[in-house]
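Here's a chain to poke at. Let's ask what stands behind the labels people put on it.

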Amino acid sequence: ETFYEEALIDTQDPRKSITGSTRIELPSHTAKLMPSWKASNNRIRWRIHVKGDIAIWPDVSDRYEITVRPVDISS
C-alpha cells in the first residue's frame, strides 16, 4: 500500500535529466511509522519508485528498495 508520494525532481531542462542527484528527507510524520522490518510471515518494505517521461527517449521506471532505520528519540 502506498502511503506517501512526493515529486523529488520536476524539470524540463534536458541538462538536469541526463545526470544528477537529490536528497530524500522523509516527512516528520513518518517518524511515527514503522522502520524497515522483516519476520517470517510479514514485513515492512520501503521503496523508491523513479519515473521519468523523457521526450524522444524511452521513459524510465525503476524501483529501489531502501532500508529505513528507527528514529533515535533519546536525543
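What follows is a short back-and-forth on this predicted model.

Q: What makes up the secondary structure of the chain, and how are the elements ordered?
A: You get one helix and four strands. Reading from the N terminus, the order is α-β-β-β-β.

Q: How do you know how confident the predictor is in this chain?
A: Look at pLDDT, the predictor's confidence in each residue on a scale from 0 to 100. The chain averages 79, and 84% of the residues score at least 70.

Q: Which elements have the lowest and the highest mean pLDDT?
A: Helix α1 is lowest with a mean of 69, while strand β4 (residues 60-66) is highest at 91. As a rule, where pLDDT is low, the predicted coordinates shouldn't be read in detail.

Q: Why is Pro 35 called buried?
A: The cut-off for buried is under 20% relative accessible area. Pro 35 comes in at 18%, so it counts as buried. Pro 35 sits in the loop between α1 and β1 (37-38).

Q: How many residues in the chain share that buried label, as a percentage?
A: Of the 75 residues, 8% count as buried.

Q: What is Pro 35 in contact with, leaving aside its neighbours within four places in sequence?
A: Contact takes heavy atoms within 4.5 Å. By that test, Pro 35 is in contact with Ile 44, Trp 46, Val 68, Arg 69 and Pro 70. Take Pro 70: it is 35 residues from Pro 35 in sequence, yet the two C-alpha atoms are 5.4 Å apart in space.

Q: What share of the contacts with a separation of 6 or more comes from residues 24 or more positions apart?
A: Those account for 24%.

Q: Why is Leu 8 called partly exposed?
A: Partly exposed is the range between buried, under 20%, and exposed, over 50%. Leu 8 has a relative accessible area of 37%, so partly exposed is the right label. Leu 8 lies in the segment before α1 (14-18).

Q: Which residues does Leu 8 touch, not counting those up to four places away in sequence?
A: Thr 22 and Ile 24. As for Glu 25, 17 residues along the chain from Leu 8, the C-alpha atoms of the pair are separated by 9.8 Å.

Q: What makes Leu 8 eligible for a nonpolar surface patch, and which residues join it there?
A: Patch residues need over 30% relative accessible area, and Leu 8 has 37%. Leu 8 forms the patch with Ile 9, Ile 24 and Leu 26, and together they have about 340 Å² of accessible area.

Conventions
Residues are numbered from 1 along each chain as its sequence is written. This is a predicted model: local features need pLDDT of at least 70, side-chain atom pairs count only at pLDDT 80 or more; totals for chains, interfaces and linings use all residues. Side-chain values use heavy atoms; hydrogens and water are left out. Patches are made of residues with over 30% relative accessible area and no salt bridge: like charges are joined within 9 Å, nonpolar side chains (Val, Leu, Ile, Met, Phe, Trp, Tyr) within 5 Å. Accessible areas come from the Shrake-Rupley method with a 1.4 Å probe; for residues, only the protein chains shown count as cover. A salt bridge is a side-chain nitrogen of Lys or Arg within 4 Å of a carboxyl oxygen of Asp or Glu. Helices (H or I, at least four residues) and strands (E, at least two) are DSSP runs, numbered from the N terminus. Buried means under 20% relative accessible area, exposed over 50%, partly exposed in between (1.4 Å probe, protein chains only).
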